[in-house]
Amino acid sequence: MAGRNKIYNEEEALDKAIKVFWEKGYENASSRDLQKAMGIGMGSFYLAYKGGKEELFLKSMDRFFSVYPTYALSMLKTIENPIEVLKQYYYVLAEPEGMFGQFGCYFSNAIIQIADPELKNGATGHITRIVEVFSAALLRAQNAGIIHPKIPQELWSAYLLNLWTGLNTTRYIEKDAAKLRALIDFSLGVFE
């Protein structure tokens, strides 16, 4: 006997799940919240995500990675001077009206909030890939003589990661978006 066909768009359903996880956090997002937002019943939910909420969250992280950072990461692979693109990427945390400004980084939140090692590793892997693209773009610019970093190359990834995760916390304390952007400019100035 063949299984039932999907009667929903998986990408749209994942986008709706992302919104729930982002707003409520992984632990506070119930399967019922997710099913309701995704517009699918319990049977369809567990048929599509046999591992339940955990499997859905892993797939949501993959979907998030394929949608949100894609444009900036593509630009960074070809642009001559990556500093302005990096600034724009970090500025999203400083915008109080955006999803990042309201709810923080999807991956950073997962690393901080979730105890499950598999989910934590999934989030860590995505952030690591983003930082690797940042570092590769900076290295190309340095090799071309466009930028002259003031910190050693072996610290770049940790520095960029620290800036991202630090901003993810600082934005809760410092509400002035202009101050946050100035902090980003100052912090990325070590690469110019």
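**Exercise 1. The overall fold**

How many helices and how many strands does the chain have? Describe the general layout of the chain as well.

*Solution.* The model is a predicted one, and its chain holds eleven helices and zero strands. Reading along the sequence therefore gives the pattern α-α-α-α-α-α-α-α-α-α-α, with the helices taken as DSSP runs numbered from the N terminus. The C-alpha trace extends over about 65 × 35 × 25 Å along its principal axes. Of the 192 residues, 44% count as buried, and among contacts between residues at least 6 apart in sequence, 67% join residues at least 24 apart.

**Exercise 2. Helix α1 from start to end**

Compare the span of helix α1 with the span expected at 1.5 Å a residue, then describe its ends and its buried side.

*Solution.* Begin with the length: helix α1 covers residues 10-24, and its 15 residues should span 21 Å at 1.5 Å a residue. The C-alpha atoms at its ends are 21 Å apart, which agrees with that expectation.

Turn next to the two ends. At the start of α1, the backbone nitrogen of Glu-11 has a side-chain oxygen of Asn-9 within 2.9 Å, while just after the helix Gly-25 adopts a positive phi of about 85°.

Finally, list the buried residues, which are Ala-13, Leu-14, Ala-17, Ile-18, Val-20, Phe-21 and Trp-22. These buried residues pack against α2 (31-38), α4 (52-67), α7 (99-103) and α8 (106-113).

**Exercise 3. Two partners of α1**

Which residues of α4 and of α8 are buried, and against which helices do the buried residues of α8 pack?

*Solution.* For α4, the 16 residues reach 23 Å from the first C-alpha to the last, close to the 22 Å expected at 1.5 Å a residue. Its buried residues are Gly-52, Lys-53, Leu-56, Phe-57, Ser-60, Met-61, Arg-63, Phe-64 and Phe-65.

For α8, the buried residues are Tyr-106, Phe-107, Ser-108, Asn-109 and Ala-110. They pack against α1, α4, α7, α9 and α10.

**Exercise 4. Three individual residues**

Is each of Gln-35, His-126 and Met-99 buried or partly exposed? Give the contacts of each residue beyond its neighbours within four places in sequence.

*Solution.* Gln-35 lies in helix α2. Its relative accessible area is 5%, and because buried means under 20%, Gln-35 is buried. Apart from neighbours within four places in sequence, Gln-35 is in contact with Ile-40, Gly-41, Met-42, Phe-45 and Tyr-46.

His-126 belongs to helix α9, which covers residues 117-143. With a relative accessible area of 4%, His-126 is likewise buried. Leaving out residues up to four places away, His-126 touches Met-61, Asp-62, Phe-65 and Phe-107. For Phe-65, the C-alpha atom is separated from that of His-126 by 6.9 Å, although the two residues are 61 residues apart along the chain.

Met-99 is found in helix α7. Its relative accessible area is 26%, which lies between the limits of 20% and 50%, so Met-99 is partly exposed. On the same footing for sequence neighbours, with residues up to four places away not counted, Met-99 touches Lys-19, Trp-22, Glu-23 and Gly-104. Met-99 and Lys-19 are 80 residues apart in sequence, yet 8.9 Å apart in space, C-alpha to C-alpha.

**Exercise 5. Packing of α10 with α9 and α11**

Why are α9 and α10 classed as oblique to each other, and why are α10 and α11 classed as roughly antiparallel?

*Solution.* Take α9 and α10 to begin with: their axes come within 9 Å and cross at roughly 125°. That angle falls between 115 and 145 degrees, and the two helices are therefore oblique to each other. The crossing of α9 past α10 is right-handed. The contact is made by Ile-127, Val-131, Phe-134, Ser-135, Leu-138, Leu-139 and Gln-142 from α9, together with Trp-156, Ser-157, Leu-160 and Leu-161 from α10.

Helix α10 (residues 156-173) and helix α11 (residues 177-188) have axes 12 Å apart and pack at an angle of about 165°. Because this angle is over 145 degrees, α10 and α11 are roughly antiparallel to each other. Here too the crossing is right-handed, with α10 passing α11. On the α10 side, Tyr-159, Leu-160, Leu-163, Leu-167, Thr-170 and Arg-171 meet Leu-180, Leu-183, Ile-184, Ser-187 and Leu-188 of α11.

Terms used
Residues are numbered from 1 along each chain as its sequence is written. This is a predicted model: local features need pLDDT of at least 70, side-chain atom pairs count only at pLDDT 80 or more; totals for chains, interfaces and linings use all residues. Side-chain values use heavy atoms; hydrogens and water are left out. Helices (H or I, at least four residues) and strands (E, at least two) are DSSP runs, numbered from the N terminus. The expected span of a helix is 1.5 Å times one less than its number of residues. Buried means under 20% relative accessible area, exposed over 50%, partly exposed in between (1.4 Å probe, protein chains only). Contact means heavy atoms within 4.5 Å. A polar contact is a pair of N or O atoms within 3.5 Å; within protein, one must be able to donate a hydrogen and the other to accept it, and residues adjacent in sequence count only if both atoms are side-chain atoms. Axes are lines fitted to C-alpha atoms, for helices over the stretch in contact, and angles run from 0 to 180 degrees between N-to-C directions. Angles under 35 degrees count as roughly parallel, over 145 as roughly antiparallel, 65 to 115 as roughly perpendicular and the rest as oblique. A crossing is left-handed if the near helix is turned anticlockwise from the far one by less than a right angle, and right-handed if clockwise.
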